[in-house]
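Please open the model in your viewer and keep the sequence panel visible beside it. The stops below go from one selection to the next.

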Amino acid sequence: MKHVEIFTDGACKGNPGPGGWGVLLRMGPHEKEMSGAEPDTTNNRMEMTAVIRGLKALIEPCEVTIHSDSRYVIDGMTKWIDGWQRKGWINASKKPVRNADLWHDLIEAAAPHRISWQWVRGHNGHVENERVDKLASDAASAIA
């Protein structure tokens with residue numbers, strides 16, 4: 001099984017507001033950058049979209065390490081998702097889970113792969129995180 005590293009970030013100019021996402025895919029010496037934007041969104045939605053887009057870019061099942069500075073995405077996928085599903089997408093506050101549409105997309109995008117989640121501290125000189133932050137921020141600025 002091929003191993004792919006995916007570095008992701010989301011950005012928002014205002015929250016909510018114009019937002020962007022950035023992804024760096026790396027397999028061995030090969031790299032691919034992707035980015036996009038939405039005119040009215042939130043930072044969390046852009047963080048999730050980055051991971052979804054990265055996973056959907058893979059054309060076969062892979063062993064994937066996802067590097068993200070988003071505790072929301074990582075904790076959602078590693079700690080909260082099972083409970084949300086069991087409780088019919090109701091959170092601990094007895095309210096509907098926010099961004100359920102994207103959580104469903106993320107579960108579907110992740111399903112074919114073996115994923116490990118790696119949290120990185122944002123805005124701390126991590127080379128790849130700085131790259132995807134710039135991709136996301138530039139995409140958001142382009143439509144702001």
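**The aromatic cluster**

Begin by selecting Tyr 72, Trp 80, Trp 84, Trp 89 and Trp 103, which ring pairs link into a cluster; bear in mind throughout that this is a predicted model. The structure holds 5 aromatic pairs, and one of them joins Trp 80 to Trp 84 in a tilted arrangement, with 5.7 Å from centre to centre and 50° between the planes. Both of these tryptophans belong to helix α2 (residues 71–86), where they are 4 residues apart, about one turn of the helix.

Colour the two by accessibility next: is Trp 84 buried or exposed? Trp 84 is buried because its relative accessible area is 10%, under the 20% limit, whereas Trp 80, at 35% relative accessibility, counts as partly exposed.

**Around Trp 103**

Now centre the view on Trp 103 and display its contacts, leaving aside neighbours within four places in sequence: these include Met 48, Tyr 72, Val 73, Gly 76, Met 77 and Ile 81, together with Trp 84, Trp 89, Val 97 and Arg 98. Trp 103 also appears in the largest nonpolar core, which has 30 residues, and there Ile 6, Leu 55, Leu 58, Trp 103 and Leu 106 touch the most other members. To see where this core comes from, highlight β1, β2, α1, β4, α2 and α3 (100–110), each of which supplies at least two of its residues.

**The sheet**

Hide the side chains and show the strands: an open sheet of 5 strands runs in the order β3-β2-β1-β4-β5, with mixed pairing. At the edges stand β3 (30–41) and β5 (114–119), and because each has a single partner strand, one side of each is left without a neighbour in the sheet. On average, and with direction ignored, neighbouring strands here are turned by 20° against each other.

Within the sheet, select strand β1 (residues 3–12) and strand β4 (residues 63–68), which pair in the parallel sense over 6 bridges; in this region Glu 5 stands opposite Thr 65 in β4.

**Helices on the sheet**

Bring back the helices and look first at α1 (residues 43–56), which lies across β1, β2 (17–27), β3, β4 and β5 and runs at about 155° to β1. Helix α2 packs on the sheet as well, touching β4 and β5, and its direction makes about 140° with that of β5.

**A last stop**

Finally, select Arg 71 and Trp 119, where the charged end of the arginine sits over the ring of the tryptophan, 4.3 Å from its centre.

Key
Residues numbered from 1 in each chain as written. Predicted model: local features only at pLDDT ≥ 70, side-chain atom pairs only at ≥ 80, totals over all residues. Heavy atoms only, no water. Phe/Tyr/Trp six-rings, centres within 6.5 Å; stacked < 30°, edge-to-face > 60°. Buried < 20%, exposed > 50% of the residue type's maximum accessible area, 1.4 Å probe, protein only. Lys NZ or Arg CZ within 6 Å of the ring centre and 35° of its normal. Pairing = 2+ DSSP bridges. Axes fitted to C-alpha atoms, helices over the stretch in contact; angles between N-to-C directions. Contact = heavy atoms within 4.5 Å. Core = buried A, V, L, I, M, F, W, Y, C linked by side-chain atoms within 4.5 Å.
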